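Thanks for making time this morning. I will go through one structure and keep to what can be read off the coordinates.

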Amino acid sequence: MKLLSLALAAILVNNVVLTKYLGLCPFFGVSRNFRSAIGMGLAVTFVIFGASLITYFLYYLILLPNGMEYLRLITFILVIASFVQLTEMFIKKYSASLYKTLGIYLPLITTNCVVLYVAQENITMKYTLLETCVNSLAVPAGYMLVLVLFACMRERLEGADTPRAWKGVPIALITAALMAMAFSGLAGII
Amino acid sequence: MPYMKEEKTVIKVFVIMFIIGAFLGAMLMLANRFLAVKEDKRQEKALEMLPGYNCGACGYPGCSGMIAALLSGETDTLQCAPSTPEQRQAIVDYLNSEEGPDGEKLNIRSI
């Protein structure tokens, strides 16, 4: 029950994009069509899950026993960047089709603040390993949900008769603001 | 003496960080050697000429996505909001003058 409420909170109530305003760059950049939104969502899920597990073990097995908690941020960035780079090379070599759907989005995620946010949150909230797994799957699930919804809306907006000055990104920002307001209505469910 | 203890901690931290960094660096180096894939040589050169922010403002996933789209003929317009017009022109000139693996030149333009 606790895990379920943790997952629901991460997906809907504390959605990273709409309540914490993290990862906005790909949110506006890669949401022009449905297919790339799905690809980006899957890549984010994979990276966050892998990076969270690695940083979790790194923190509790190496940093904490040696009293190096204060170097958390810099080691996490280092590890996440290398992990993403390595994964990209691996996918590129062994699966060309997977690289087409996933791999091209990976460099975009390396410096994405969502990844670091989840890795940090797992430590600061003192999650157990199981809770870490749930959290680092639920946060990107929420990200993907919002990204896909937003991509569908933007595809429709292309054909809509928006005033010329608002075409493109301005109307997208307004749409995102309205979505954030709609999602804030879910704040009471947990 | 208390400062001796502090000194030891600092050295230990340095060593541990060095090991982590060296390990990751070695992994990437090995991966780069064994997992290398042959690419269109224009891809890498043109990628270096872009700003490398991976901002996604062009609508493609990252800078490499933009170049890949140009090389595959998916689009004929180089879109890159963060770069200056001179930078864009340099990339357009390069891609229009260099022959690809099939011996054909591209014909692209800038925004």
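I will take the helix packing first, then the cores, the contact between the chains, and a few single residues. One point before that: this is a predicted model.

Start with chain A and two of its helices, α3(A), residues 34–63, and α4(A), residues 72–94. Their axes are 10 Å apart and make an angle of about 135°. With an oblique pair defined as one outside the parallel, perpendicular and antiparallel ranges, the last of which begins over 145 degrees, α3(A) and α4(A) are therefore oblique to each other. The crossing of α3(A) over α4(A) is right-handed. On the α3(A) side the contact is made by V47(A), G50(A), A51(A), I54(A), T55(A), L58(A), Y59(A) and L63(A). On the α4(A) side the residues are R72(A), T75(A), F76(A), V79(A), I80(A), F83(A) and V84(A). By class, that contact has eleven nonpolar, three polar and one charged residues.

Now the second pair, α7(A) and α8(A). What is the angle at which α7(A) and α8(A) pack? The angle is about 150°, with the axes 10 Å apart. That makes α7(A) roughly antiparallel to α8(A). The crossing here is right-handed. From α7(A), the residues V114(A), V118(A), E121(A) and N122(A) meet T132(A), N135(A), S136(A), V139(A) and Y143(A) of α8(A). The class count for this contact is four nonpolar, four polar and one charged residues.

The loop that joins these two helices deserves a look. K126(A) is located in the loop between α7, residues 113–124, and α8, residues 129–159, of chain A. K126(A) has a positive phi, near 55°, and is a residue other than glycine. Is K126(A) buried or exposed? K126(A) is exposed, with 7 other C-beta atoms within 10 Å.

There is another such case earlier in chain A. Y21(A) is not a glycine, yet has a positive phi of about 55°. Y21(A) sits in the loop between α1, residues 2–13, and α2, residues 24–29, of chain A. Y21(A) has 12 C-beta neighbours inside 10 Å and so counts as exposed, the cut-off for exposed being 12 or fewer.

On to the cores. The largest nonpolar core has 36 residues. Which residues have the most contacts inside it? They are V47(A), I109(A) and V115(A). The elements that give two or more residues to this core are α1, α3, α4, α6 (106–110), α7 and α8 of chain A. V47(A), then, appears in this core and also in the contact of α3(A) with α4(A). As for I109(A), leaving aside neighbours within four places in sequence, its contacts are A43(A), V44(A), V47(A), V84(A) and V115(A). A second, separate core has 14 residues, among them C58(B), A68(B), L70(B) and L95(B).

That brings us to chain B and its helix α3(B). Eight of the ten residues of α3(B) are buried, so this helix is largely enclosed by the rest of the structure. The buried residues are G62(B), C63(B), S64(B), G65(B), M66(B), I67(B), A68(B) and L70(B). What covers them includes α6 of chain A, along with α2 (41–49), β1 (77–78) and α4 (85–97) of chain B. After α3(B) comes G73(B), with a positive phi near 80°.

Next, the contact between the chains. Chain B gives 23 residues and chain A gives 26 residues. On the side of chain B that touches chain A, the elements giving two or more residues are α1 (2–34) and α3 (62–71) of chain B. α1(B) gives the most to that side, with twelve residues. By class, the chain B side has 13 nonpolar, nine polar and one charged residues.

Two residues to finish. I111(B) lies in the segment after β2 (109–110) of chain B, and is exposed, with 11 other C-beta atoms within 10 Å. Leaving aside neighbours within four places in sequence, I111(B) is in contact with T77(B), L78(B) and Q79(B). I111(B) and Q79(B) are 32 residues apart along the chain, and their C-alpha atoms are separated by 5.7 Å. Back in chain A, F90(A) is in helix α4 and is partly exposed, with 15 other C-beta atoms within 10 Å. F90(A) and L12(A) are 78 residues apart in sequence and 33 Å apart in space, C-alpha to C-alpha.

Conventions:
Residues are numbered from 1 along each chain as its sequence is written. Chains are lettered from A and ligands numbered from 1 in the order in which they are written. This is a predicted model: local features need pLDDT of at least 70, side-chain atom pairs count only at pLDDT 80 or more; totals for chains, interfaces and linings use all residues. Two residues are in contact if their C-beta atoms, placed from the backbone, lie within 7 Å. Helices (H or I, at least four residues) and strands (E, at least two) are DSSP runs, numbered from the N terminus. Ala, Val, Leu, Ile, Met, Phe, Trp, Tyr, Cys and Pro count as nonpolar, Asp, Glu, Lys and Arg as charged, and the others, Gly among them, as polar. Axes are lines fitted to C-alpha atoms, for helices over the stretch in contact, and angles run from 0 to 180 degrees between N-to-C directions. Angles under 35 degrees count as roughly parallel, over 145 as roughly antiparallel, 65 to 115 as roughly perpendicular and the rest as oblique. A crossing is left-handed if the near helix is turned anticlockwise from the far one by less than a right angle, and right-handed if clockwise. A residue is buried if 20 or more other C-beta atoms lie within 10 Å of its own, exposed if 12 or fewer, and partly exposed in between; C-beta atoms are placed from the backbone. A nonpolar core is a set of buried Ala, Val, Leu, Ile, Met, Phe, Trp, Tyr and Cys residues joined through C-beta atoms within 7 Å.
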